[in-house]
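Biologist: Got a minute to walk me through this protein? I'd like to ask things as we look.

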Amino acid sequence: MPRRWTPLHEDIKVPVFKNVIYAMKILFKADKTLLPAAIIAQVSTQVFSLFFQGVLFLKVLLNIIQGNMTFEYFLRVLLLFLGVGLVYEIIIIASDYAQNIGWKKVYKGLNNRIFEKACSVDVECYEDPAFYDAYQRATEILTHSIFMSFIIDMSMLLGNIISLVLVIGIVTTIDPVYLIFLAPVGIVFAVEIIKSKLLYKRDLSMTTNQRVKAYSQRTVFLKDFSKDMRTSNIFGVVINRFNRAVQDNIRIIKKYGMKLFIYSMIGSFFGEFIPIVGTYSFASYQFIKDKGLDISGFSVVLASINSVRQTTTGIADSLAELTNMALYFQNLHDFFDYESKIKSGTEEAGEFESLEFKNVSFKYPSAEDYSIKNVSFKINRGETVALVGVNGAGKTTLVKLMLRFYDVTEGEIIYNGKSIKEYKTDSLRRRFATVFQDYKTFALSVYENVICHEPDTEERLLAEKALKQSGAWKKIQTLPDGGDTVLTREFDENGAGLSGGETQKTAVARMFAKNFDIAILDEPSSALDPIAEYNMYENLITATENKTVIYISHRLSSAVLSDKIIVLGNGRVLESGTHTELMQAGKDYAKMFELQASRYRDEESEVSDYA
C-alpha cells in the first residue's frame, strides 16, 4: 500500500477471489456465527422449496396417481416431508435469531474499525481529497449494506448450487439429453461477472460526486452554517454544486447504461430463453411421440427446468453480486492497510526536561515552498515561551511538528536529548496539553468534553475545578443540567449551545483537567474579552507553576508574561529574547507591540477597573 492515498480509476484491476476471502475473514473476526447461520438457512430454503417441494414431492405424487406406488408408501413419504418441513422451520427460526445478533456485532465491529483507522491515519490525510474518497468508499460498505448483501449472496450461491446439483440429478435420470439445453447457462455466469465490473466502474466514477452531495446535504443541515446561509448568497452556490454533482452522476449512468442493457439481454437469452424453450420443446416432443416420457416424467421435467432456471439465474446473480462486492472490499482492504508515514518509536517519553529544534525545515505534502526553514531554538523545563508573528509565519506548524502530526523535512527535533522519532507517539503526545486555535466541543456533556471520557465522581470534581479555572463554570451552572448538559440540542432537548467565548473556555478547561508537562495554547484567548483573558492568564500562571508553557498568540499581552519570546516571520526565527530585550532591540517585535500599544493600554485600564 503506498504511503499516500492513491485515487482509484475506472481501469483498476482487483483480485476478486482474494477479496471474497478477505471479506469472510473480517466477518469471522467480528462474529463467527453470522455467515454459517445465513448459509444454513439459505441452503435449507433452496433445497426444501426447489428440490423437495418443487420436484421430489411432485414426482412421488404423480407416480401414485399413475398407479406406480401404493397409498401407504405415499403416507410414509408425506410423514417424511412433514418431518423435513418441521426441521426446516426450526433451522430458519434459530438461524434468524443468530443472524440478528450476529449482524449487530458485525456492524458495530466494522464501524469501530473504520472509525479507529480514520483517527489513526496521518493528519496530512485530511488535506488529501483521495483520502476522503477512500473513506467514503469504505463507509459505503456499511451504509449501502454491502456486507449484508455479501452474506445473503454467499448463502444463496451455495444453496442454489446444491439445489442445482440435486435437480440436474433428477433430470438426468429421465434423459441426459436435457443437459444440452442447460449448458448455455455457463455463458450467463461470465456475462454477469463482466456486468458487475461495469457496475463497479460506474459507482467508482461517482464517488467524488457522492461526497459533494453528502457535503451539500450536511452543510445545509448543520447549525454552524445556518446564519451564513441566511445572510448571503452562499446557499445558491452550495445548491449549484449539489445539482452539478447530480447531473454528473446522470451523465455517468447514461455512459454505462447501454452496455449494461446489452449484457442483461445476453444473459436473459442464454439463461432463460434457450433453457426454457429447448427443454420444453424436447419434453413435448418426447411426450407426444411417446419416446419414453410419461405424464409423471413430463411434469417433473417441466418443474425441474423451472427450478434449474431459478437456480442458475440465482447463481449467476450471486456470482455477479459477489464479484461486484469483492471490488468494494478492495476499497476496504486498501483503507485498512494504509500505512502511516509517522512511525512510532519504541521508547516511553519521560518527564519533560527540554525540547530543541535543530535546523528544522518543513514543507507540507504537495507544497512547493517551505513553511518552516532552518529554525533552531530550545525550550527548557519550567519556561514560559511565546511564539509570535503574523499569520502564515509558521507558528502553528511548529506545534504540529512538536506533536508529530508531521515529521520534519530537514533537521531534527530533540526531546530530552533524543530525537522525538525514538519515542512512542502516544507516549510523547501524552506529555502535552494542547488548546488548538480551531478548538471544538462535541455533542457530549460538559463534563465529558472536559475529561474526554465518561467521568466518575472524582473526575467530575476535577472537571468542575478546571471549568472554574478557565472561567466557564459560572455559565455552566446556569445550564439545565449543569455539567451534565449536552452541548447541542441535536440529540437532547435539554441540550444547550455556548457562545464562542464560553466554548473556548470549555476547550481550555480540558488543559486544566489534564496531567501534563507542557501546555501549548494556540490563540487561547481569541474569543475572550479583555477581562476574561486577564482572569484566564492569572489562572494559567497558577495552574502551570513549575510546568512548561508555550503560547501562540497575536495578542502580545501573553508575550509580556513569557520568559522567552520567539518571533517568527516567513517560516524563520527573526529574533528571540525577553520582552525587555526585544523592546530595546527595536526590531520586528517592538514594532508589532507598538502597533498594539494603544489597545493594550485600553485593555489594561479595563482590567484595572475590574480588579
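Biologist: Let's start with N416: what share of its area is accessible, and is it buried, partly exposed or exposed?

Modeller: Keep in mind that this is a predicted model. N416 is found in the loop between β4 (410-415) and β5 (418-419). Its relative accessibility is 25%, and partly exposed covers the range between 20% and 50%. So the label for N416, at 25%, is partly exposed.

Biologist: What is the phi of N416?

Modeller: Most residues other than glycine have a negative phi. N416 is not a glycine, yet its phi is positive, at about 50°.

Biologist: Which loop holds N570, and how exposed is N570 there?

Modeller: N570 is another non-glycine with a positive phi, here about 55°. The loop that holds N570 runs between β9 (564-569) and β10 (572-577). Exposed means over 50%, so N570 counts as exposed, with a relative accessibility of 73%.

Biologist: Now the aromatic rings. How many aromatic pairs are there?

Modeller: Two rings pair if their centres lie within 6.5 Å. With that cut-off, the aromatic pairs number 8.

Biologist: Are the rings of F357 and F377 stacked or edge-to-face?

Modeller: A pair of aromatic rings is described by the distance of the centres and the angle of the planes. For F357 and F377, the centres are 4.7 Å apart and the planes meet at 15°. Stacked needs an angle under 30 degrees, so this pair of F357 and F377 is stacked.

Biologist: How many residues apart are F357 and F377 along the chain?

Modeller: F357 belongs to strand β1 (residues 354-362), while F377 belongs to strand β2 (residues 372-380). The pair links distant parts of the chain, and the separation is 20 residues.

Biologist: Are F357 and F377 buried or exposed?

Modeller: Buried means under 20% relative accessible area. F357 comes in at 1%, and F377 at 10%. Both values are under the cut-off, so F357 and F377 count as buried.

Biologist: What about Y415 and Y423: stacked or edge-to-face?

Modeller: Their ring centres are 5.4 Å apart, and the planes stand at 80°. Y415 and Y423 are both buried, and together with F352 they form one aromatic cluster. An angle over 60 degrees is what counts here, so Y415 and Y423 are edge-to-face.

Biologist: Which residue has its charged end over the ring of F516?

Modeller: There's a case of this kind at Y370, where K363 lies over the face, 5.3 Å from the ring centre. At F516, the distance from the charged end to the ring centre is 5.0 Å. The residue over F516 is K547.

Biologist: Which helix gives the most to the nonpolar surface patch?

Modeller: The patch covers about 560 Å² and is made by I187, M258, F261, I262, M265 and I266. M258 lies in helix α10, and M258 counts as exposed because its relative accessibility is 54%. The top contributor, with 5 residues, is helix α10 (residues 234-288).

Biologist: Zooming out, what percentage of the residues count as buried?

Modeller: The protein has 21 helices and 10 strands. Its accessible surface comes to about 31100 Å², with 57% of that belonging to carbon and sulfur atoms. Out of 611 residues, the buried share is 45%.

Technical notes: Residues are numbered from 1 along each chain as its sequence is written. This is a predicted model: local features need pLDDT of at least 70, side-chain atom pairs count only at pLDDT 80 or more; totals for chains, interfaces and linings use all residues. Side-chain values use heavy atoms; hydrogens and water are left out. Rings of Phe, Tyr and Trp (its six-membered ring) pair if their centres lie within 6.5 Å; planes under 30 degrees apart count as stacked, over 60 as edge-to-face and the rest as tilted. Helices (H or I, at least four residues) and strands (E, at least two) are DSSP runs, numbered from the N terminus. Buried means under 20% relative accessible area, exposed over 50%, partly exposed in between (1.4 Å probe, protein chains only). A charge sits over a ring if NZ of Lys or CZ of Arg is within 6 Å of the ring centre and within 35 degrees of the ring normal. Accessible areas come from the Shrake-Rupley method with a 1.4 Å probe; for residues, only the protein chains shown count as cover. Patches are made of residues with over 30% relative accessible area and no salt bridge: like charges are joined within 9 Å, nonpolar side chains (Val, Leu, Ile, Met, Phe, Trp, Tyr) within 5 Å. A salt bridge is a side-chain nitrogen of Lys or Arg within 4 Å of a carboxyl oxygen of Asp or Glu.
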